Every structure is written in C-alpha cells, then in structure tokens.
Amino acid sequence: MSLDLPSLRREYAREGLAEADLAPTWHGQFARWFEDASVLREPNAMVLATATPDGAPSARTVLLKGVDPTGFVFYTNHGSRKGAELAANPRASLVFPWTDLERQVLVTGTVERVGDPETEAYFRTRPRGSQLGAWASRQSAVLADRDELEARHAAVEERFAGDEVPVPPFWGGLRVVPTAVEFWQGRPSRLHDRLRYRLSHGGWLVERLSP
Ligand SMILES: Cc1cc2nc3c(=O)[nH]c(=O)nc-3n(C[C@H](O)[C@H](O)[C@H](O)COP(=O)(O)O)c2cc1C
C-alpha cells in the first residue's frame with residue numbers, strides 16, 4: 001500500500017491571530033472561535049486524552065456538551081477506560097481539531113464530575129434511544145459478539161418499558177477545568193500563531209508560543 005501523503009501538504013494562509021484581537025478571557029475567545037466553527041459538521045467533537053497514573057496515554061473523540069468559565073463538559077460512562085483513567089488520574093487534555101479553519105484549540109486541565117442535577121438535566125434532553133443505549137453499554141468492556149449488545153439493549157428496553165429512563169448510576173458528566181487554553185492559527189511558512197492563556201498564581205497570563 002502506498003499513500004500519497006506528500007501531496008496533502010497545505011499552506012495555511014486564511015488569517016492571523018494577534019494579541020490585540022484576543023478576547024480578555026479564554027472562554028470569551030473560545031466562544032468567538034466556536035461561533036466561527038459553526039460551519040463545520042461537528043464543531044463540538046473534541047479529542048480527549050487521558051493517562052493512567054503511570055503515564056500510559058489514551059485518546060478518543062467525545063462531544064462537548066457545555067462550556068462556561070468553569071470548564072468544558074462532556075458525558076460518558078464512568079466505568080469506561082477513560083472513566084477509570086480519570087478516576088485514578090484526574091487530569092486531561094482536549095484537542096478541537098478545526099483543521100478546515102486552519103485552527104486548533106488545545107486545553108489542559110484537571111477533571112471533576114459535574115453535579116447530579118446537571119447530569120440529570122442533560123440526560124433528560126437525550127432521545128430515549130440514547131438513554132437506553134447508556135444503560136445497555138458496559139462501555140470499553142469486551143463483548144463476545146454484537147448479539148450480546150443487542151440482547152442487553154432489548155433487556156433494558158423491557159425493564160424500562162412505559163417508564164421514564166433514569167440516569168444510570170455509572171454514567172454522567174465530567175468537566176475539564178482548564179489550567180491552559182491555547183488558540184492555534186495556521187500561517188504561511190509554518191510561522192503559525194499560538195496564543196495561550198495560562199493560569200499562574202490565580203490569574204490568567206497570555207503567552208505567545210513558538211510554532
Ligand atoms: C464524533 C464522536 C463523538 C463521540 N462522543 C462521545 C461522547 O460524548 N461520550 C462518550 O463516552 N463517547 C463518545 N464517543 C465514543 C468515544 O470516542 C469512545 O469510543 C468511547 O467513549 C470509549 O472510549 P474509552 O474506551 O477510551 O473510554 C464519540 C465518538 C465519536 C467518533
């Protein structure tokens with residue numbers, strides 16, 4: 001197999017990012033870029049990296065379901081691989097790979113569970129099929145085959161028939177509370193703009209990083 005990777009080389013020239021253009025806060029800047037990203041198919045898809053306490057990393061895509069000055073919220077199964085890694089080592093990194101805009105946003109921070117009322121409120125907005133799916137999946141566990149999953153789904157459908165589906169006790173929201181948020185804008189000749197808000201002694205600094 002031969003992939004023509006050299007032909008995919010891109011020159012980035014859409015625009016720049018100057019210190020003077022930045023919003024005063026990381027969340028203000030994120031809101032601006034998120035609005036620009038609304039032209040993308042799934043702007044809220046973000047890569048979440050976690051690690052075991054001894055430093056073995058893993059990454060996967062999850063969906064951003066809330067963002068405010070306290071952080072970035074997503075929902076998952078607490079018993080999953082990521083859930084177990086975050087319980088043991090509550091630190092994470094996020095990547096928003098907005099490559100069609102020649103941008104990425106990188107977040108590093110600590111992770112905490114969102115409160116039960118917030119999880120409950122979000123769970124209620126999900127379609128019933130997704131609510132049942134959350135019950136049916138022992139996320140990250142090995143299955144014998146597809147039939148096993150479908151049998152579990154059928155069992156929960158029967159269990160909750162005619163009733164509101166409760167939030168599974170093993171499922172909920174996690175918030176990445178940032179200690180740094182970097183805004184990356186591609187520029188010609190690989191001289192990209194990288195501006196990072198970083199928490200230092202209780203205040204936020206803005207630093208320019210070498211590309
Ligand atoms: C576009 C996209 C969005 C996803 N969103 C979520 C999500 O919000 N929560 C989640 O638990 N898994 C989501 N997944 C599935 C995860 O990528 C992953 O397969 C799953 O969470 C198990 O990960 P783990 O075994 O590393 O814990 C999504 C996958 C894709 C491709």
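Modeller: In this predicted model, Ala, Val, Leu, Ile, Met, Phe, Trp, Tyr, Cys and Pro count as nonpolar, Asp, Glu, Lys and Arg as charged, and the others, Gly among them, as polar. On that basis the shell around the ligand divides into five nonpolar, six polar and four charged residues.

Colleague: What makes a residue part of that shell, and which residues are the closest?

Modeller: The C-beta atom, placed from the backbone, must lie within 6 Å of the ligand. The ligand is surrounded by 15 residues, and the closest are T76, S80, R81, K82 and S140.

Colleague: Which elements each supply at least two residues of the shell?

Modeller: They are β2 (57-63), β4 (71-77) and α2 (81-88). Strand β2 gives the most, with five residues.

Colleague: Why is A92 called buried?

Modeller: A residue is buried if 20 or more other C-beta atoms lie within 10 Å of its own. A92 has 25 within that distance, and is therefore buried. A92 belongs to strand β5 (residues 91-96) and touches L48, A49, T50, L86, G109, V111 and V176, leaving aside residues up to four places away in sequence. The C-alpha atoms of A92 and T108 are separated by 5.9 Å, although the two residues are 16 apart along the chain.

Colleague: How do you know that α5 lies largely in the open?

Modeller: The number of buried residues among its 14 is zero, so α5 lies largely in the open.

Colleague: What span should helix α5 (residues 146-159) have at 1.5 Å a residue, and how far apart are its end C-alpha atoms?

Modeller: The 14 residues should span 20 Å, and the end C-alpha atoms of α5 are 20 Å apart, so the two values agree.

Terms used
Residues numbered from 1 in each chain as written. Predicted model: local features only at pLDDT ≥ 70, side-chain atom pairs only at ≥ 80, totals over all residues. Helix = DSSP H or I, 4+ residues; strand = E, 2+ residues; numbered from the N terminus. Expected span 1.5 Å × (residues − 1). Buried ≥ 20, exposed ≤ 12 C-beta atoms within 10 Å, placed from the backbone. Contact = placed C-beta atoms within 7 Å.
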